[in-house]
Every structure is written in C-alpha cells, then in structure tokens.
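Student: Could you take me through the ligand site in this one, slowly, and then tell me how the rest of the assembly looks around it?

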Amino acid sequence: MIEIRNVTKTFDDGKNKIIAVDNVSIKIEKGEIYGIIGYSGAGKSTLVRCINLLERPTKGKILFKGKDLTVFSEKNLREKRKKIGMIFQNFNLFNSRNVYHNVAYPLKGSKLSKSEEKKKVRELLQLVGLSDKENSYPSQLSGGQKQRVGIARALANDPEVLLCDEATSALDPKTTTSILKLLKELKEKLGLTIVLITHEMTVIKEICDRVSIMEQGRVIEEGNTIKIFSNPEKEATKGFLETATNSSKIFDVLQLKDNIFNIQKDDVLTKVNYLGDCTKDALISEVSRKFKINASILYGNLEILNQTPVGELIVLFIGETASIQKSIDYFREKGILVEVIEHGRNSSKVYTKCS
Amino acid sequence: MEEILLKYIPNVLNAKEELIESIHETFIMVSIPGVISLVLGVLLGVFLVVTRKGNILENKIFNNMLEKIINLFRSIPFVILIAAIIPVTRMIAGTAIGTKGALVPLVFGTVPFFARQMESALSEVDKGLIEAAQSMGSSPTDIIFRVYLREGLPGIIRGVTITFVSLIGLSAIAGSVGGGGLGDFAIRYGYQRFQNDITFVTVIILLIFVSVIRGIGDILIKKVTH
Ligand SMILES: Nc1ncnc2c1ncn2[C@@H]1O[C@H](COP(=O)(O)OP(=O)(O)OP(=O)(O)O)[C@@H](O)[C@H]1O
Ligand SMILES: [Mg+2]
C-alpha cells in the first residue's frame with residue numbers, strides 16, 4: 001500500500017545539519033497495522049510526515065499504491081492526501097467549529113449535497129461512538145473524545161491509510177486502550193491500513209502486526225510484533241520491551257548483593273523465552289523428573305500478541321552441571337529459547353517455533 | 001436641568017452645533033479609514049504570515065519587502081506622515097485639508113499598525129491546525145479562509161478593537177492640523193480659549209467612544225470563542 005523507499009530527510013538551517021531520517025525503507029501492506037517505535041528525537045514524526053509529504057524527503061521516494069507521490073503536482077498531491085488520513089497527538093481540532101463541522105471540514109469540495117454531507121458526518125460520528133456530541137465544541141470534550149473526533153475527521157474522505165502520530169500519547173492508559181481498540185475495529189471494518197508512531201511498547205503490543213524500531217533516524221530492527229517480542233536482537237529493542245514488562249526489575253533484584261534467591265555457585269540462572277503452545281507440555285516438571293534437577297521459576301511474564309502467547313521466564317536450575325546442561329538442551333530441542341545468565345558459557349540462541 | 005448645564009458647561013452649550021458637527025467629523029474620520037484599513041490590513045497581515053519561512057506560501061523576497069515597508073511607515077510619527085504624503089493625499093482625495101484631506105493619511109497611518117495586529121493574531125493560530133488542514137488536502141486559499149481567518153477570529157477582533165481605538169487618537173491629531181473633528185474642536189475652544197468645560201466634555205465623549213468600541217469588541221470575542 002505504502003512504500004517508503006530510501007528516504008532521507010535532512011534539516012539544514014545554514015549552520016547545523018540534522019539528519020532526521022536516514023535512508024529508511026519500509027513497505028507497508030494493505031490492511032495491516034504498522035508500528036514505528038523510537039525514543040524522542042529518533043525521527044519518527046519526520047518519517048511519518050514524509051509519507052503524506054507534509055515534509056518533503058530530501059532523497060528517496062514515497063510510493064502510494066505504486067505511484068511516487070514526490071513527483072506529483074501540488075494539486076494532485078492534495079487529492080491523494082484525501083486518501084491518506086492523519087491524526088495527531090494534540091488532536092488539532094478546530095476550536096471555532098463544533099464536532100459536526102470539524103468532521104465536515106474535509107468534505108468541502110467533495111460534491112456531496114447538504115443532506116448527503118449530514119448523513120456522512122452522522123455515520124462517521126456513529127462509527128467513533130460520538131453521536132451525542134454533534135453540537136459540542138472541542139473545549140467541551142475529554143482527550144479521548146477529541147481523538148475520536150480527530151479520527152472521524154480523518155476518515156471523512158474514505159481514506160485507505162490512516163497515519164497516527166503519537167495519537168494516544170496525551171491520553172491516560174484506559175483511554176489509550178479504548179482508542180487502540182477503536183483503531184483495530186476500523187481496520188477490520190473498513191480494511192484500513194494504519195501506520196502508527198509511538199514511543200510506548202505497550203501500544204505496539206496492543207495492536208501492531210509489524211513494527212520498526214527507529215534510532216537516530218535509522219530503522220535498526222524490523223519484523224512482526226511476535227518475533228520482535230519473543231526474540232529481539234538489538235539492545236534498543238530490548239530496552240523498549242523492558243518498558244512493556246517487568247523483566248528489568250527482576251534483573252535489578254538479581255543483582256542485589258544480598259542474594260535473596262539464595263543462588264549457589266553451581267546453580268544456573270537462565271532466561272527462557274517461549275512462543276505459542278509450548279506451554280501445554282509441563283516442561284519444567286518434566287525436566288525435573290527426567291534429569292533429576294530442581295528448576296525454580298523466579299519470574300514469569302506472559303503476553304498475548306495476536307492470540308499467540310509469548311512467554312518469558314527466569315528459571316534457576318539447581319543440580320549437577322551435566323544434568324542442567326541436558327535439561328537446557330532438552331528445552332532447546334523443544335524449540336524454547338534458553339539464554340544463560342551470569343554463567344561462564346556463552347549462551348547460544350537456537351530458536352524454532354513450536355509445532 | 002437646563003440651569004445645571006448652563007452653570008457647569010456654559011461654553012459647550014454655546015458651541016452646541018459645532019460640537020455635533022465635530023462628533024460627526026470624528027465619526028467619519030474613524031469609520032471610513034477604519035473600514036479601508038481593515039481590508040488592507042487583513043490582506044497584508046495574511047501575506048505577512050503565509051509567506052514566512054516554513055509557511056504555506058513561503059516567499060522570502062516578498063516577505064522581506066513587506067516587512068521593510070511596514071516598518072518604514074510604522075517608524076514615521078503621524079504628524080510628520082501627514083505632511084510627508086501631502087502630494088499623495090492630493091492625488092487621491094483631491095485635497096489635503098479638512099476632514100476629506102485627513103482620510104488618506106489616516107489610512108496610511110493605520111494600515112501598517114493593523115497589519116501588525118493581524119500578523120500577531122494569525123501567528124497565534126496553532127501550527128498543528130495548518131498541518132491538519134494540509135493533511136486533509138486543503139489548498140493554501142482554503143487554509144487562509146477556513147483556518148487562519150476563522151481560528152484567528154478572536155485575535156483579529158481584538159486587533160480591530162485596538163486599531164479603532166488608536167484611530168480615534170490619530171483622528172484627533174489629524175483634526176488638530178486642520179482636519180476637523182473632536183480633536184480640532186477641543187483645541188480651538190478648550191485649549192486656545194481656555195474653555196475648560198469644552199475640553200472636559202470632549203474627553204468624556206471620546207471616553208464613551210472608546211468604551212463603546214471596546215464593549216462591542218468584547219461581546220464579539222465572547223461570541224466567537226468556544
Ligand atoms: N522543522 C525542523 N527543523 C529542524 N530540525 C527538525 C525539524 N523537525 C524535526 N527536526 C529534528 O529532527 C529530529 C527528529 O525529530 P522528530 O520530530 O522526527 O522526532 P520524533 O522521533 O518524532 O520525536 P518525538 O518522540 O519527540 O516526537 C530531531 O533532532 C529534531 O530536532
Ligand atoms: Mg514526534
């Protein structure tokens with residue numbers, strides 16, 4: 001649907017040259033929710049603004065349904081923009097217009113009659129669950145309601161793509177969830193393709209099919225959300241994942257001097273990641289019995305991403321070194337990723353999805 | 001009643017006809033240049049903002065030129081401006097004296113002032129709104145009329161109010177150098193003939209003018225702010 005091809009954007013004020021986006025290529029398929037995550041200043045907003053050419057790329061192409069937008073005339077570009085909706089962190093509603101007229105704003109010039117326009121606006125408001133707020137002004141709405149108006153307005157010209165720049169960053173967690181749920185519904189109902197910028201991993205976890213991690217203008221890791229969650233490669237990615245789980249806290253606890261878990265010299269501490277239905281075999285008790293070791297779970301976290309469970313455990317193996325090695329090998333055979341923490345051996349990452 | 005007035009403002013009653021005539025002249029000197037300046041000022045203010053760097057019709061040369069011209073006119077004291085543009089005034093109004101002759105300098109004095117007021121009102125419009133409008137496929141003309149002039153309305157009205165109030169001041173100056181109006185009236189009677197009651201009444205009338213303009217402005221602002 002959208003292809004960002006080798007896009008670079010530099011800002012040059014004569015003195016300083018900032019490379020906000022550095023040779024980024026991303027392909028976004030029809031009907032998917034694509035996340036772009038990164039810390040502040042990573043270049044996410046600049047990148048997403050390049051998609052509808054609010055920001056003209058210094059280099060590279062933006063293909064929308066196969067056509068390069070960067071070569072379009074201003075007039076043609078404006079027509080295309082109607083097919084690419086956008087919502088914002090600060091909602092950007094027109095304060096002088098009520099909800100109805102905010103939503104009707106982009107319909108000017110669409111050749112709808114007054115009554116058709118009314119019908120369209122009412123449909124849109126119903127879609128976002130704000131039918132009763134037609135006559136309210138933005139100042140009378142809550143943040144979540146404002147974003148719903150923003151969404152309705154962005155959808156007025158039946159776009160095929162919706163760009164969301166930190167659309168939930170100004171909202172509380174509960175409202176965020178409800179907006180994300182709405183976006184997901186819209187994707188399903190309207191076959192919308194959604195590009196979503198955020199700095200919160202929880203947002204990615206909630207609704208994204210695929211995700212790119214951006215750092216200093218570059219995409220450093222890309223993949224489907226389940227893969228990124230279960231097997232991140234880059235440190236920055238892991239950093240983001242930790243914000244969405246508690247696993248960083250357990251590491252803090254493990255590093256405490258007083259050794260609250262009473263870990264002995266020969267014990268092996270591991271991080272175990274699994275995916276899918278590996279859980280149904282009682283693996284921990286199985287290895288305990290089979291190899292005569294003790295395995296105790298110090299920490300566990302389970303995420304459900306697109307109906308797929310993604311689990312992370314911190315397991316302490318206690319017993320003979322050879323038996324522990326066998327247990328770990330056994331886990332790996334079963335397609336479970338085991339990483340040894342605080343142990344001389346290098347951890348090897350063998351990963352296959354459970355069948 | 002009649003007696004009280006005679007006691008406190010005898011000179012005003014004597015010059016009643018002239019007073020009414022002056023009010024009328026002031027009204028003309030405020031309303032006609034006001035309306036003309038409004039149109040020109042809005043135009044210039046819009047151009048000042050939209051041709052700025054990074055804005056929808058960015059144009060460095062045009063913007064620079066406009067800035068310079070406005071600054072030039074703003075830096076000339078009004079009394080001097082009146083004298084300096086006499087040839088232009090003659091050309092446009094046919095005369096450089098009287099109320100008619102005051103109209104042209106008043107426009108020249110007010111337009112740059114109001115353009116700046118407009119500029120600051122429009123600058124207050126959130127950049128995010130312009131961006132949102134662009135993302136919805138709005139053209140520059142659309143953005144000017146449907147976003148800038150509409151979202152900036154409270155600020156614009158405030159600017160108009162201030163401009164009219166300052167126009168009253170300018171009209172008094174113009175009056176004193178031969179344009180008629182309340183300023184002229186107060187100087188001729190109140191100042192030169194020491195008829196203090198005339199100065200006093202003129203001040204009251206001007207105060208009422210200003211209050212009415214402010215009041216209307218406030219009501220309108222309240223009406224358009226949601
Ligand atoms: N118009 C501009 N002129 C100059 N530099 C800019 C401009 N817009 C963005 N930048 C710079 O480009 C870099 C990337 O900014 P961008 O807004 O894309 O980051 P971001 O990832 O969206 O951050 P945030 O999470 O804070 O919104 C920053 O260093 C920023 O200072
Ligand atoms: Mg941003």
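Tutor: H1(A) gives the largest share of the shell around ligand 1, with three residues. Keep in mind that this is a predicted model. The full set around ligand 1 is Phe11(A), Ile18(A), Ala20(A), Tyr39(A), Ser40(A), Gly41(A), Ala42(A), Gly43(A), Lys44(A), Ser45(A), Thr46(A) and Glu166(A). By residue class, that shell splits into five nonpolar, five polar and two charged.

Now for the individual polar contacts. Ser45(A) puts a polar side-chain atom 2.7 Å from an oxygen atom of ligand 1. Ala42(A) takes part through its backbone: an N or O atom there sits 3.1 Å from an oxygen atom of the ligand. Then there's Glu166(A), where a side-chain N or O atom is 3.5 Å from an oxygen atom of ligand 1. As for cover, ligand 1 has 630 Å² of accessible area on its own, and the protein covers 60% of that. Two elements of chain A give two or more residues each to the shell, namely strand E2 (17-28) and helix H1 (44-51).

E2 also leads us to a salt bridge. Glu32(A) and Arg210(A) pair through their side chains, at 2.8 Å from N to O. Glu32(A) is in the loop between E2 and strand E3 (33-38) of chain A, while Arg210(A) belongs to strand E9 (residues 210-215) of chain A, so this pair ties together parts that lie 178 residues apart in sequence. Over all chains, the structure holds 26 salt bridges. The general idea is a familiar one: side chains of opposite charge can pair when their charged atoms come close.

On to the partner chain. Chain B has 12 helices and zero strands, and its C-alpha atoms fill a box of roughly 70 × 45 × 25 Å along the principal axes.

Where the chains meet, 21 residues of chain A are in contact with 19 residues of chain B. Together the two chains bury about 2000 Å², with 51% of it on carbon and sulfur atoms. On the chain A side, Arg78(A), Ser96(A) and Tyr105(A) supply 28% of the area that chain A buries against chain B, more than any other three residues.

The interface has its share of polar pairing too. The rule finds two salt bridges across the interface of chain A and chain B. One of them joins the side chains of Lys108(A) and Asp142(B), at 3.3 Å from N to O. Polar contacts across the interface come to 11 residue pairs. On the side of chain A that touches chain B, the elements giving two or more residues are helix H2 (74-81) and strand E6 (84-88) of chain A. E6(A) gives the most, with three residues. Sorted by class, the residues on that side of chain A come out as nine nonpolar, five polar and seven charged.

So, back to your ligand: the spots to click on are Ser45(A), with its side chain at 2.7 Å, the backbone of Ala42(A) at 3.1 Å, and the side chain of Glu166(A) at 3.5 Å.

Methods:
Residues numbered from 1 in each chain as written. Chains lettered and ligands numbered in written order. Predicted model: local features only at pLDDT ≥ 70, side-chain atom pairs only at ≥ 80, totals over all residues. Heavy atoms only, no water. Contact = heavy atoms within 4.5 Å. Buried area = accessible area lost by both parts, 1.4 Å probe. Salt bridge = Lys/Arg side-chain N within 4 Å of Asp/Glu carboxyl O. Polar contact = N/O pair within 3.5 Å; in protein donor to acceptor, adjacent residues only side chain to side chain. Helix = DSSP H or I, 4+ residues; strand = E, 2+ residues; numbered from the N terminus. Nonpolar A, V, L, I, M, F, W, Y, C, P; charged D, E, K, R; others polar. Near = heavy atom within 4 Å. Areas by Shrake-Rupley, 256 points an atom, 1.4 Å probe, with all protein chains shown as cover.
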